[in-house]
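Reader: Hi! I am new to reading protein models and would love a close look at one part of this one. Could you walk me through it step by step?

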Amino acid sequence: MSDLANKRILLGVTGGIAAYKAAELTRLLVKAGADVRAVMTESACRFITPTTLQALSGNPAYTDMWDPGVPNNMAHIELSRDRDLVLVAPATADFLAKVAAGLGDDLLSTLCLARECPLAVAPAMNRQMWEHPATQRNIATLRADGVAILGPEAGDQACGETGMGRMEEPTALVAGITALFGPQRLAGKRVLVTAGPTFEPIDTVRGLTNLSSGKMGFAVAQAAAEAGAAVTLVAGPASLPTPPGVKRENVTTAREMHDAVMAHAAGSDIFIAVAAVADYRVADPKDFKLKKDAGAPKLALVENPDILASVAGLPNPPFCVGFAAETENLREHAQTKRKKRRVPLLAANLAQHAFGADDNALTLFDDSGEHELPRAPKIALARQLVAHIARMIDRH
Ligand code: CTP
C-alpha cells in the first residue's frame with residue numbers, strides 16, 4: 001500500500017511562479033494514494049488553471065469563497081472538514097503573512113483559519129523576500145502555531161538570482177508530508193549527529209579542511225527530529241539553517257568536535273557520525289600569519305582522535321552509525337570501515353556525487369547485508385536511513 005493511501009489532502013496553491021509545480025505535486029500525491037482537493041487563490045490562477053488541477057486530482061478545484069456548488073454555501077468551512085491535512089504549496093510571502101496574522105480575505109486564507117486539521121506550507125519566493133525580517137518573523141510565528149514548514153531550498157531562482165527561497169521539489173514535498181503522517185519511530189530517543197567538515201588551523205588565517213557542505217548531516221538531524229527524537233547536532237563550519245526542533249552546537253576542529261560529542265555520547269541512544277572529520281591536524285599551528293618571505297612552511301601533521309571509534313568503544317555505547325565517502329571500491333572500503341570501528345550500520349556514498357550536492361544515493365551495510373537507497377534528495381534519503389535505524393533498534 002502507498003504511504004499516503006487514504007489520506008485526504010487539501011492542496012492550497014498561491015500565486016508564485018512555483019505554482020506550475022503544483023500540477024506535478026498533485027500527480028505525485030494522487031500516485032501515492034492520496035485524495036487531493038485543490039483550492040487556488042486568484043493570483044495562482046494567473047500561473048496555472050483550475051482545469052489542470054481538477055484533471056490531475058479527479059476532484060473539482062475551488063477558487064471562490066462564494067461557490068454555489070459547495071453544500072450550505074460555506075466553502076471556507078466545508079472544504080477542509082473532511083481533510084487530514086491542508087498543504088499550501090507554493091506559499092507566497094504574502095500568504096504566509098496573512099496566515100501568521102490570522103487574516104481571512106479569500107477562500108484559502110479563510111479556510112486555513114477555520115480548519116481543524118494540521119497545516120503544512122511550502123514557502124516559495126525571491127531570496128530577498130525570504131530573508132526579509134518580516135517574513136522570518138512570520139515563519140517563526142507559524143512554527144510556534146504548530147504549522148509545518150517544508151523548505152524552502154537554495155538554488156537558482158526564476159528571477160535570475162541565486163539563493164534561499166525556491167520551493168522544495170514535489171518529490172521532496174511528498175516525502176515531507178509522508179513523514180508528517182508517519183509514526184514517530186524515534187519518540188523518546190536521544191540522537192546525537194555530527195555534520196559538516198572540520199577546519200584545522202595552520203596559522204591565524206589558514207587551515208586544512210574539505211568540501212563537505214553539511215547538507216547530509218543536517219538532513220539526518222532533521223529526519224530524526226521529525227521521527228520524534230530529541231536531537232543534538234554537533235556541526236563543523238557549515239552555513240546551513242538549524243533544522244526545526246534540533247539543538248545545535250557549533251565547533252571548528254576535530255578535537256572540539258570530539259569533546260562536544262563525548263560530552264553527550266553517554267546520554268545518547270543513537271550516534272550518527274555524518275561529519276567529514278579531518279584525519280590529521282597541524283602539529284604546531286602558528287598564532288600569527290605566516291609570511292611568504294620565510295619560505296614554504298613545513299607542516300608536520302598529527303592524527304586526530306577518531307570520534308566514531310571513541311563513541312563505539314564506550315563501555316555502554318549508543319547505537320552507532322558511520323558514514324563513508326569513497327571515490328572508488330565503495331563496497332570494499334565500506335565493509336572495512338564498518339568492521340574497523342565495530343559499528344552495526346554504515347552508510348556509504350560516492351564522494352564525487354555527494355559533496356555539496358542536494359541529491360545523493362546511499363548503500364547501507366549491516367549484518368543482514370546491503371541495502372540500496374537510490375538517488376533522491378538528501379532529506380528523502382535521511383528519512384529512509386532513520387526508518388532503517390528505527391527498524392534495527394526495534395529488533396535489538
Ligand atoms: N570519523 C570520525 N572521526 C574521525 C574520522 C572519521 O568520527 N577522526 C567518522 C566519520 O564521521 C564517518 C566514519 O568515521 O562516520 C568514516 O570516516 P572516513 O573519513 O570515511 O574514514 P577513515 O577511516 O578516516 O577513512 P579514509 O582513509 O577514507 O579517510
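Between which two elements is the loop where R342 is found? Please start there and then take me on to the ligand.

Author: Happy to! Keep in mind that this is a predicted model. R342 sits in the loop that runs between α13 and β17, the latter covering residues 345–350. Its backbone has a feature worth spotting: phi is near 50 degrees, a positive value in a residue other than glycine. How covered is R342? Its relative accessibility is 74%, and exposed means over 50%, so R342 counts as exposed.

Now look at the loop between β16 and α13, where you will find N329. N329 also has a positive phi, about 45 degrees, although it is not a glycine. With a relative accessibility of 46%, N329 counts as partly exposed, because that class lies between the 20% and 50% limits.

From here we can move to the ligand. Helix α13 spans residues 330–341, and α13 gives the most to the shell around the ligand, with three residues. Two or more residues of the shell also come from α12 (307–312) and from β16 (319–326). In total, 13 residues surround the ligand, and those that come nearest are A273, A275, L308, F323 and K337. Sorted by class, the shell holds seven nonpolar residues, five charged residues and one polar residue.

Some of the contacts can be followed atom by atom. In K337, an N or O atom of the side chain is 2.6 Å from an oxygen atom of the ligand. The backbone takes part too: A275 has a backbone N or O atom 2.7 Å from a ligand oxygen atom. At P305, a polar backbone atom is 3.0 Å from a nitrogen atom of the ligand. As for how much of the ligand is covered, it exposes 580 Å² when taken alone, and the protein buries 79% of that.

Before you go, here are two more backbone details to look for elsewhere in the chain. The peptide bond from A89 to P90 is cis, with omega near 0 degrees, and P90 belongs to strand β3, residues 85–91. Another cis peptide bond joins G151 and P152, where omega is about 0 degrees. P152 is in the loop between β5 (148–149) and β6 (153–156).

Methods:
Residues numbered from 1 in each chain as written. Predicted model: local features only at pLDDT ≥ 70, side-chain atom pairs only at ≥ 80, totals over all residues. Heavy atoms only, no water. Near = heavy atom within 4 Å. Polar contact = N/O pair within 3.5 Å; in protein donor to acceptor, adjacent residues only side chain to side chain. Areas by Shrake-Rupley, 256 points an atom, 1.4 Å probe, with all protein chains shown as cover. Helix = DSSP H or I, 4+ residues; strand = E, 2+ residues; numbered from the N terminus. Nonpolar A, V, L, I, M, F, W, Y, C, P; charged D, E, K, R; others polar. Buried < 20%, exposed > 50% of the residue type's maximum accessible area, 1.4 Å probe, protein only.
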